Amino acid sequence: MEKKEILNKDIIRWLSEIDLDDKESVGTKASCLGKIIKSKFNVPNGFVITADAIDNFLKKEKIYDKINPIVESINIDDKEDLKKRSKEIRAIIEDSNFSKELVSEILESYNILGSEKIDTRGVSQDAINILKHSYESIFVSIRSSVVYDNNNYSHSGLFDSFINIKGERSVLEHIRKCISSLYTSRAIFYREKFNIKDKMAVIIQTMVDSQKSGVVFSKNPLKENDDIIIESIYGLGIGITSGKITPDRYTLDKDIKIKDIKTSIKKIAVVRSGSGENSIVRLNNEKSSSQVLSNGQIYELAGKADSIAGIFNSPQKIEFAIDAEKIYITEVRPITGTRAKISPISGQLLLEGIGAGLSTGSGIIKVIRNRDDLMKLKKGDVLVCNSLSSDFIIYLDLVSGILTNEGGMTSNDAIIAREFLIPCVVGLNNANEQLPEGRKITLDSVKGKVFDGEIANPISAEILAGVDTERLKLQILIDVPEDSESASKSKINEVGLFRIETSIAREGKHPLYYEKENQLNIYADILSKSIEKASYYFSRINIRTSDIRTDEYTALLSSPQKESNPILGLHGIRFSLKHPKIFEAEISAIRNIAMKFSSKRFGVVLPHLISLDEMIKAKGIFNKYKLNNMELGVIIDTPSSVQIIDEIISEADFIIISLNGLIQHTLAIDKEEENVKHLFDYSHPSIYSKLKRVISSSRRFKKDSSLLIESEIKDELLDFLVRRELNNLIISADKINEISVRIKKLEELYKEQNKEQNKKYLVDKSPKTGNQENIEAIPADLEIKEIPINTLPEINEEIKETKIAEDFFNEEIKDLVKIEKEAIKEDRLYGEEELKERKELEDNIITEIIPENPADEPTIEDISAEKLVENNEEMDIDGINLDTQPKAEEFISDVEEDLNKNNQQKERAKNNKKNYTVFDFDEGYNQ
């Protein structure tokens, strides 16, 4: 019987007649099977309902009209709502009827598939007809074949597959269920996360009653080698793809030689019962521990995988089934995910299983025993369970790692975890029993190891050397001492911050343990070794003293009880001052290495400081251990530390601004909380205002300022930091090259702007009227640099030290201040008329300073002047910004603080022997 004469090719295509060119019609999975059938591989026969046929069904039955509004209203962050909407959509599809034509084509194809088992040799036509109509229906599998172009997305396990389906009614019912699985909660979540669209075709194939099954990776997706990986179990393949059974694993090199065989304990198998249902059977001890594949089958499968990869010219994931020693290929598709290079991890090893991921990660354990338990997952948790169900996929945006008792690296869920770069370790046997809930752990999902405490690094990209920068220097952030060697490849010579918590966690003991057991000398020795290793490749290293919240490292011995609000609890310098012996042990550890490397410089950094009293007490302890090559620094991460920045910085040698900490405490937002994390944003005006204040203070006191940033760095922030003349930016080593290149471009841009604008910004020497009559011009050969004046958040903060003309624009400034004070008095922002008046005043100020450009409409970028010499002293000019409306309260906040300083400058200006004087905006405000 000729299939092509009977079937409508717009609706049905046979696997044996399709090729890769048909992918848009039949999907990737089906087109790949058609390709290898043409290459003479053994594939179960079958047919495909085309994607167009299914799309037409959804259109003609007006299903799209019903489900699209539901799809558009889904919030994937609301997991319960997502699951509820998915059920609604699937019910609509499954309750709909196929057209008569579609039903006819499907059932005719199904019957043809069954009739192919009839041996018609020597049988009359009448007998053949009788046999065809009396022959019992066959078992088939019904699976999706998705139309997609990007091989980075596997869609593994997103849609429902059905095996051992028998009978016309059941076939039609399960085809509708397969189509409806386009809208499983996990498929909706996946498409939204990766911003992709799917069309589905459906494959119907004869079932292979497999005694053995498994998956082959033609190339190891986890490691930088060409090894072939085979995983296999007894029974049907659903046992391995679902992750319910830990498989045997066979590793072969590219020359098809066996390198390693690891047999697992396969407790169960999925088989077809006599009634045709899928049943789970327990294997006896001998069977469960036996090797599934013979060496001959291992070699044969490896050879097939190598050939199939050659056909597609890319690594492939290949599913197989073995029936009566005959190997069938049931699925072929490209391997997804990229290989990762991660830093080595060492520490207290808890468990070891099968590495199934591409990264490292850490988090708090949450044991999941049923679907309802998934609801207790919070951002950053490590999911621990017996085996994964497909329901877990929608929670991938919450978890920082996955641990399972069962499963292999080839399971659908492990593949999806790799695409999301979620660390995943499987086959741990009894992880949910050995790892209690609430414990903090670290996963190395490439090597399959689980460590105690938080010692993980993110995926380590290749580290490239940075380019030299001038205004804004780069420093490195290090958490793991062993990373110092690779970080040194960046050619950056200073560690802006080294955090010691990882070194502490590796030992499994909280600092309180050493204090309690009178072993602080051991504690200091542990830290000394860690600091020495971290500082080996660098000329300077700043070490932060311990900052452990009570919700962190809870598994450490003597870890304190968790507080109700750990972020605002006893940690940082407040903990150190409460436990001064621990604090002294940490400083002595730094001193030990500072003595050993006398040519290097070492900074002791105090975290979470909020008062001058804390600063003075901590400094007193520091001074007992201080050496000539040791300095004292402070982390600025709270509004209170910003408010008293002058007092703090007068006592410190340098400051480090923690951007994450400052955002968290200023905006009152925990960046780990799902419901508010979208508000965690450094572009908030209050954050920029605090950055300006801290950087300006550091410049006035001539102290080094650094910004620690652990998130994406936007161009506007880099521009801001370069203009404000921050000294250092602290980032991870893998970002050094990219960020240094961006900074260099900004610096070159500013140089070019200065060359063009220097002469324009000199004050005219011609006679003036009013208060300007006796003002002399600034010498034309004076070295000039820019003062940013494109925005004006706080004039009083921008120029603290320098005068441009005594009593210059006094009246305008007085009026401007009057507007500000009226706004403050009434506790409001400016009214419309006030804004207009303010703008006119500002325009007057600009007009007097900068002559209008006759060539084109003036665009004011920057004015700057450096090294204005006054009595042989250097005086810097900060930025003036004139675009944005400042907060009234902050506009005047520092004026009174600096009054005394400005008065001193005024007196020096009067005695100036040079032929010019300098104007101070702040002085004007104080008139």
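Contact, in what follows, means heavy atoms within 4.5 Å. With that in hand, start at Ser 288, which sits in helix H11 (residues 285-288). Setting aside neighbours within four places in sequence, Ser 288 is in contact with Ser 264, Ile 265, Lys 266, Lys 267 and Leu 283. At 5% relative accessibility, Ser 288 counts as buried.

Before going further, keep in mind that you're looking at a predicted model. The protein chain has a mean pLDDT of 78, and 75% of its residues reach 70 or more. Two stretches to handle with care are residues 1-6, where pLDDT stays under 50, and residues 759-812, where the pLDDT is below 50. The model does show contacts for both: 11 contacts beyond four places in sequence for residues 1-6, and 195 contacts beyond near neighbours in sequence for residues 759-812. Where pLDDT is low, though, the predicted coordinates should not be read in detail.

Now to the sheets. One is an open sheet of 5 strands, in the order E1-E2-E5-E3-E4, with antiparallel pairing. At its edges you'll find strand E1 (12-14) and strand E4 (162-166), each pairing on one side only. Neighbouring strands here are turned against each other by 30 degrees on average, direction ignored. If you'd like to trace one pairing by eye, try strand E3 (residues 139-147) with E4: the two pair in the antiparallel sense over 3 bridges. Phe 139 is a handy place to look, as its bridge partner in E4 is Lys 166.

Two helices to look at against these strands are H3 and H6. Helix H3 (residues 51-60) lies across strand E2 (46-49), E3 and strand E5 (199-206), and runs at about 120 degrees to E5. Helix H6 (residues 100-115) lies across E1, E2, E3, E4 and E5, running at about 170 degrees to E2.

Another open sheet has 6 strands, with antiparallel pairing and the order E9-E8-E7-E6-E12-E13. Its edge strands are E9 and E13, each of which pairs on one side only. From one strand to the next, the twist averages 15 degrees. E12 and E13 run antiparallel and are joined by 8 bridges; one residue to pick out is Ala 321, whose bridge partner in E13 is Tyr 328. Helix H12 (residues 295-312) lies across strand E6 (212-217), strand E7 (228-234), E8, E9, E12 and E13, and it runs at about 140 degrees to E12.

The loops of this region hold a couple of backbone oddities. Most residues other than glycine have a negative phi. Ile 256, however, has a positive phi of about 60 degrees although it is not a glycine. You'll find Ile 256 in the loop between strand E8 (248-252) and strand E9 (258-262), where it is partly exposed, with a relative accessible area of 21%. Glu 325 is another case, with a positive phi near 65 degrees. Glu 325 lies in the loop between strand E12 (316-323) and strand E13 (326-334), and at 57% relative accessibility it counts as exposed.

What about the interior? In soluble globular proteins, nonpolar side chains tend to be buried together. In this model the largest nonpolar core has 91 residues, and those with the most contacts inside it are Leu 717 and Leu 729. The largest share of that core, 8 residues, comes from helix H20 (residues 580-596). Zoom in on Leu 717 and you'll see it touching Leu 659, Tyr 682, Tyr 688, Leu 691 and Ile 709, not counting residues up to four places away in sequence. A second, separate core has 83 residues, including Ile 70, Ile 175, Val 202 and Ile 229. Val 202 falls in a strand you've already met, E5 (199-206), and Ile 229 in another, E7 (228-234).

Last, the cysteines. How many disulfides does the model have? The count comes to 0. Take Cys 424: a disulfide needs the two sulfur atoms within 2.5 Å, but the closest cysteine sulfur, in Cys 385, is 8.8 Å away, so this pair is too far apart for a bond. Cys 424 is buried, with a relative accessible area of 0%. Cys 32 is buried as well, with a relative accessible area of 5%.

Terms used: Residues numbered from 1 in each chain as written. Predicted model: local features only at pLDDT ≥ 70, side-chain atom pairs only at ≥ 80, totals over all residues. Heavy atoms only, no water. Pairing = 2+ DSSP bridges. Helix = DSSP H or I, 4+ residues; strand = E, 2+ residues; numbered from the N terminus. Axes fitted to C-alpha atoms, helices over the stretch in contact; angles between N-to-C directions. Buried < 20%, exposed > 50% of the residue type's maximum accessible area, 1.4 Å probe, protein only. pLDDT = per-residue confidence, 0-100. Core = buried A, V, L, I, M, F, W, Y, C linked by side-chain atoms within 4.5 Å.
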